[in-house]
Amino acid sequence: MKNIKEYNLDELQEELVNLGEKKYRAEQIFKWLYVDKVKEFDEMTNLSIELREKLKKEYTICNFKILKKQESSDGTKKYLFDVLDGNAIESVLMEYHHGKTICVSSQIGCKMGCKFCASTGIKFIRSLTCGEIVEQILAVEQDIGDKISNIVFMGIGEPFDNYENVMKAIKIINNQKGLNIGARHISISTSGLVPMIYKFADEELQCTLSISLHATNDEKRSNMMPINNKYNIKELMEACKYYISKTNKRISFEYALAKDNNDNLEDAKELVKLLKGMLCHVNLIPINKIENGKYTKSTNENIIKFRDYLNNNGIVATIRRELGSDIDAACGQLRRKNLKE
Ligand code: SAH
């Protein structure tokens, strides 16, 4: 059976017409799903019973089950969702002064192999469908009874390794008749899949692009992130410059600081050289320790020194707040689960 949340509004209209129904029914269903957030076709009371029965025969409404919910001392919530095929993924809800942000997963596992990230330690299973990406937002909104204002594609997986589904999910998220969250409130983070950065630039979306840089020379970056062997820093920077020229948007470079690895003044100097003159911002992340991980967090003193050096040398840098680390909900700490293990 098909999941009704896999369709954007245009496609849903087509589906309804194919079922011999009027086009406007799609808009009604879309509203029930994304505005009223109902979980059953029978709750769609402005559809005839006959149509509801027809829909039940053709489609399911994918409703994730919350297997576990943990709350951090800072208010961050981590959800473990049953994606209904024997696998489970995590999503995180964070509270900022400007509203509620959800960090969504794009894949069950990750192929990138970054040495400091827990999402990658276990086998990759598959990419999430567009409906499964959107469902994370719906399930959290249903749980808290409130609207989410910002979305970051920074959970499990590499969003640009699941490009089409992520783009389609963004369309549903953006749709004013759907979740109605503007592109400016969506961030996508990539480990640096260069061809997809070009493709994304050409979409000319207003989303924020974050690039996981983490090191300033190829030797160091390849040690931390195997993807650098495929697309090196030079190629990555060229793609970033293309993105900026095409969209006129600022890129956010993520740089996770690991003690005695990439956190000394020499690294900061190299980073300034690399990014000088670019329309960008650096987001410094105190690296979160993961199980069996070889990297440890920089000292607060080094983190501040690093940030100040960047700021004093023309690169705007901020330190990312460490939310949810006590429940393993912080950057790099999410992982998929197999429900049968
Ligand atoms: N696959 C995407 C999204 C991943 S998560 C990407 O690589 O960009 C979002 C950010 O958290 C990335 O910048 C990622 O490199 C970073 N991250 C991963 N593990 C981390 C850890 N242990 N500590 C701090 N940041 C980490």
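**Ligand, cysteines and salt bridges**

User: How far does a backbone N or O atom of Thr190 lie from an oxygen atom of the ligand?

Analyst: This is a predicted model, and every distance given here is computed from its atoms. A polar contact is counted for N or O atoms within 3.5 Å, and the pair formed by a backbone N or O atom of Thr190 and an oxygen atom of the ligand has a separation of 3.4 Å.

User: What share of the ligand's area does the protein bury?

Analyst: The ligand, taken alone, exposes 530 Å². Of that area, the protein buries 97%.

User: Which residue has a side-chain N or O atom 2.6 Å from an oxygen atom of the ligand?

Analyst: Among the 17 residues around the ligand, those that come nearest include Phe116, His214 and Ser189. Phe116 offers a polar backbone atom, which is 2.8 Å from a nitrogen atom of the ligand. The side-chain N or O atom at 2.6 Å from a ligand oxygen belongs to Ser189.

User: How many residues of the shell around the ligand are charged?

Analyst: The shell divides into three groups, of which the nonpolar one has seven residues and the polar one has eight. The charged residues of the shell number two.

User: How many disulfides are there?

Analyst: A disulfide needs two cysteine sulfur atoms within 2.5 Å, and the count comes to zero disulfides. For Cys207, the nearest cysteine sulfur is that of Cys130, 14 Å away, and Cys207 is buried at 0% relative accessible area. For Cys280, which counts as buried at 6% relative accessibility, the nearest cysteine sulfur is that of Cys240, 9.0 Å away. The number of disulfides is therefore zero.

User: How many residues apart are Glu27 and Lys177, whose side chains meet in a salt bridge?

Analyst: Side chains of opposite charge can pair when their charged atoms come close. Glu27 and Lys177 do so with a distance of 3.3 Å from N to O, and both count as partly exposed, Glu27 at 32% and Lys177 at 42%. Glu27 sits in helix α2, whereas Lys177 sits in the loop between α5 and β10, and the pair thus links distant parts of the chain, with a separation in residues of 150.

User: Which helix holds both Lys269 and Glu266?

Analyst: Lys269 forms a salt bridge with Glu266, the closest N and O atoms being 3.8 Å apart, and Lys269 is partly exposed at 36% relative accessible area. Because the two are three residues apart in one helix, about one helical turn separates them, and that helix is α10.

Key:
Residues numbered from 1 in each chain as written. Predicted model: local features only at pLDDT ≥ 70, side-chain atom pairs only at ≥ 80, totals over all residues. Heavy atoms only, no water. Near = heavy atom within 4 Å. Polar contact = N/O pair within 3.5 Å; in protein donor to acceptor, adjacent residues only side chain to side chain. Areas by Shrake-Rupley, 256 points an atom, 1.4 Å probe, with all protein chains shown as cover. Nonpolar A, V, L, I, M, F, W, Y, C, P; charged D, E, K, R; others polar. Buried < 20%, exposed > 50% of the residue type's maximum accessible area, 1.4 Å probe, protein only. Salt bridge = Lys/Arg side-chain N within 4 Å of Asp/Glu carboxyl O. Helix = DSSP H or I, 4+ residues; strand = E, 2+ residues; numbered from the N terminus.
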